[in-house]
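Welcome! Have a look at the protein model below, and then follow the notes underneath to find your way around it.

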Amino acid sequence: VVGVEALKNLILPGIGSYTIVDGNTVAEQDLGINFFLTDESLGRSRAEETCRYLTELNPDVNGYPVQQSLHGFLQNGLHVLNKYNLVLFVASKQNYLSLESISLYCAKKALPLFYVHSLGLFSHFSSQLPDVFPIVDTHPDPTSTQDLRLLEPWPELLTFAKSKTDDFDTLSNHDHGHVPYLLLLLRYLDDWKESHDGNPPMEYRQKKEFKNFVEGKARTDNPEGGEENFDEAAAAILKSLNKPSLPSGLRQIFEDPNTKEPQKDSANFWLVANAIQEFHHTHGSLPLPGALPDMKAQSQDYIQLQNIYKTKARKDVDEVTKSVRSMEADLQRQIPVDAKEIESFCKGAAFVKLIKGKPLPISNPHTKIPQEALNSILDDEDSLLPIFVAFQAYDYWCHQQFNTAPEEDPSHPTSGENPKLESLKQSATQLIDQHADEIMPKIEPILKEFVRADGAELHNISALTGGMVAQEVIKVLTKQYIPIDNTCVFDGIASKSAVFRV
């Protein structure tokens with residue numbers, strides 16, 4: 001069900017196409033939790049019926065049902081996965097033993113893989129991204145992306161500021177109150193530097209003094225009793241008067257060997273990263289994004305100021321583009337990097353994210369829960385990591401039983417000293433290795449829920465989890481926003497979720 005709910009949230013926005021691999025037929029229990037099946041579906045192919053109803057959500061999306069078990073689908077080789085952009089693996093007793101081989105193959109082919117498991121009131125999913133997964137369009141908070149370069153203004157900006165503030169004191173109240181606050185700051189920065197050995201206010205104390213200095217220049221004898229543009233200037237001082245610095249995420253990219261020595265077959269990302277690194281080395285700053293915040297100003301002045309910033313930004317993009325084209329010629333690349341891709345990278349360079357993908361955390365006799373995860377459980381009373389450990393124990397049980405899940409063993413009672421629960425606790429103890437006496441009390445209630453659920457999904461839990469999975473899948477496919485790295489758990493009892501890198 002959780003896989004169907006994820007597909008629903010991918011089909012509605014128009015994912016393009018999808019394939020469902022499921023060799024089962026629709027049973028009675030499916031009708032109670034899968035809203036994309038009807039009574040008429042009983043006994044028919046579950047893949048075909050689900051696909052038929054899902055496609056009704058968006059006729060522009062193509063759905064392809066495969067009425068085969070996963071083992072049968074892969075019997076001719078894992079290369080059948082090559083035609084897909086992403087693999088979504090939904091946990092089930094029939095499929096579990098295929099997970100490790102699929103994970104290894106997807107890692108080799110740099111094919112994104114998601115593993116999702118919903119059981120009772122708990123769920124979890126993990127993503128396996130390529131070893132190097134860069135994201136340019138991270139959609140940062142607009143308030144954090146302002147780069148006004150007030151401490152490093154270029155000639156055109158200085159000329160415009162001088163033209164608007166030379167006869168500043170003789171301006172009418174209307175004109176005085178509509179000078180863009182950027183120009184106010186540039187004017188008063190010059191005044192400050194004259195009395196501070198040419199240095200701008202850099203320390204917090206100095207910025208507070210400069211803020212008071214600017215506020216004191218506002219006219220208060222006007223009908224408004226103050227000036228909004230001066231208020232904007234004072235509010236912008238702390239966040240705008242900073243020298244350009246290289247963000248840690250971008251520094252990581254610049255230090256990557258792929259950036260330092262791009263090859264003929266390198267992804268476009270690395271060529272542009274190399275060109276921006278060269279730009280930064282030359283100018284000591286990144287390409288100007290060119291965006292301006294809203295401000296109190298006359299329309300003509302604001303448009304002119306906006307054009308000055310946009311012109312500088314285009315000039316920076318042109319310089320980076322020239323470097324990219326030079327590299328393409330040197331490397332004899334046949335297909336040039338799209339100009340829009342270069343421009344997008346330049347605008348968001350400070351917020352580019354590089355994710356180093358990790359293999360899926362798969363339970364088997366050779367794995368142990370990482371010590372740092374155990375320490376987190378011990379240190380944080382409210383940590384949700386016990387849910388992840390419980391799911392790992394459940395998967396480990398499946399591995400031990402050679403693909404026989406605990407909820408499907410009818411020989412075990414459902415109350416009293418439950419052998420299933422004891423076996424799951426033993427599996428968890430083997431994975432934990434150390435601190436079992438301290439950690440097991442936090443894991444046991446979750447294992448009890450797994451046994452109580454008897455292998456069943458709850459639709460509301462799976463629907464919510466499917467929505468979260470779909471959201472992360474869209475991030476990965478579009479390379480927009482920052483996806484989870486790499487595991488998310490959900491507690492349906494407390495209605496809480498958490499993300500961990502394990």
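A residue is called buried when its relative accessible area is under 20%, exposed when it is over 50%, and partly exposed in between. Keep that scale in mind, and remember that this is a predicted model. With the scale in hand, D197 counts as exposed because its relative accessibility is 75%.

**Unusual spots in the backbone**

- D197, that exposed residue, sits in the loop between α8 (181-194) and α9.
- Although D197 is not a glycine, its phi is positive, at about 55°.
- Y481 also belongs on this list: its phi is positive at about 65°, and it is not a glycine.
- You will find Y481 in the loop between α20 and β8.
- Is Y481 buried, exposed or partly exposed? Its relative accessible area is 42%, so Y481 is partly exposed.
- The loop between α20 and β8 (487-491) also holds N486.
- The peptide bond leading from D485 to N486 is cis, and its omega is near 5°.

**Where α1 meets α20**

- Start with helix α1 (residues 2-11) and helix α20 (residues 459-478), which pack with their axes 7 Å apart.
- The angle between α1 and α20 is about 50°, and that makes α1 oblique to α20.
- Angles under 35 degrees would count as roughly parallel, and 65 to 115 as roughly perpendicular.
- The crossing of α1 past α20 is right-handed.
- On the α1 side, the contact is made by V2, E5, A6, N9 and L10.
- On the α20 side, the contact residues include H459, S462, A463, G466 and G467, and further along V469, A470, V473 and I474.
- Sorted by class, the contact of α1 with α20 has 8 nonpolar, 6 polar and 1 charged residues.

**Where α16 meets α17**

- How are α16 and α17 placed relative to each other? The axes of helix α16 (residues 371-379) and α17 cross at roughly 130°, and the two helices are therefore oblique to each other.
- At their approach, these two axes come within 9 Å.
- Look for A373, S376 and I377 in α16, which meet L385, P386 and V389 in α17.
- This contact of α16 with α17 divides into 5 nonpolar residues, 1 polar and no charged.

**The nonpolar cores**

- The largest nonpolar core has 53 residues.
- Which members of this core touch the most other members? They are L81, I102, I432, I443, L447 and F450.
- Helix α17 (residues 385-400) gives the most to this core, with 11 residues.
- To see one of these well-connected members up close, find I432: setting aside residues up to four places away in sequence, I432 touches L374, V389, I439, M440 and I443.
- V389 appears twice in this tour, as a partner of I432 and as one of the α17 residues that meet α16.
- There is also a second, separate core of 34 residues, and among its members are L150, W154, Y188 and L305.

**Three partly exposed helix residues**

- L158 is in helix α6 (residues 155-165), and with 38% relative accessibility it counts as partly exposed.
- From L158 to T19 you travel 139 residues along the chain, and their C-alpha atoms are separated by 58 Å.
- Q252 belongs to helix α11 (residues 248-254), and its relative accessibility of 33% makes it count as partly exposed.
- What does Q252 touch, leaving aside neighbours within four places in sequence? Q252 is in contact with L354 and K356.
- Q252 and F114 are 138 residues apart along the chain, with 26 Å between their C-alpha atoms.
- K211 lies in helix α9 (residues 204-215), and at 22% relative accessibility K211 counts as partly exposed.
- Leaving aside neighbours within four places in sequence, K211 is in contact with A234 and I237.
- Measuring from C-alpha to C-alpha, K211 and G16 are 53 Å apart in space, and they are 195 residues apart in sequence.

Methods: Residues are numbered from 1 along each chain as its sequence is written. This is a predicted model: local features need pLDDT of at least 70, side-chain atom pairs count only at pLDDT 80 or more; totals for chains, interfaces and linings use all residues. Side-chain values use heavy atoms; hydrogens and water are left out. Axes are lines fitted to C-alpha atoms, for helices over the stretch in contact, and angles run from 0 to 180 degrees between N-to-C directions. Helices (H or I, at least four residues) and strands (E, at least two) are DSSP runs, numbered from the N terminus. Angles under 35 degrees count as roughly parallel, over 145 as roughly antiparallel, 65 to 115 as roughly perpendicular and the rest as oblique. A crossing is left-handed if the near helix is turned anticlockwise from the far one by less than a right angle, and right-handed if clockwise. Contact means heavy atoms within 4.5 Å. Ala, Val, Leu, Ile, Met, Phe, Trp, Tyr, Cys and Pro count as nonpolar, Asp, Glu, Lys and Arg as charged, and the others, Gly among them, as polar. A nonpolar core is a set of buried Ala, Val, Leu, Ile, Met, Phe, Trp, Tyr and Cys residues joined through side-chain atoms within 4.5 Å. Buried means under 20% relative accessible area, exposed over 50%, partly exposed in between (1.4 Å probe, protein chains only).
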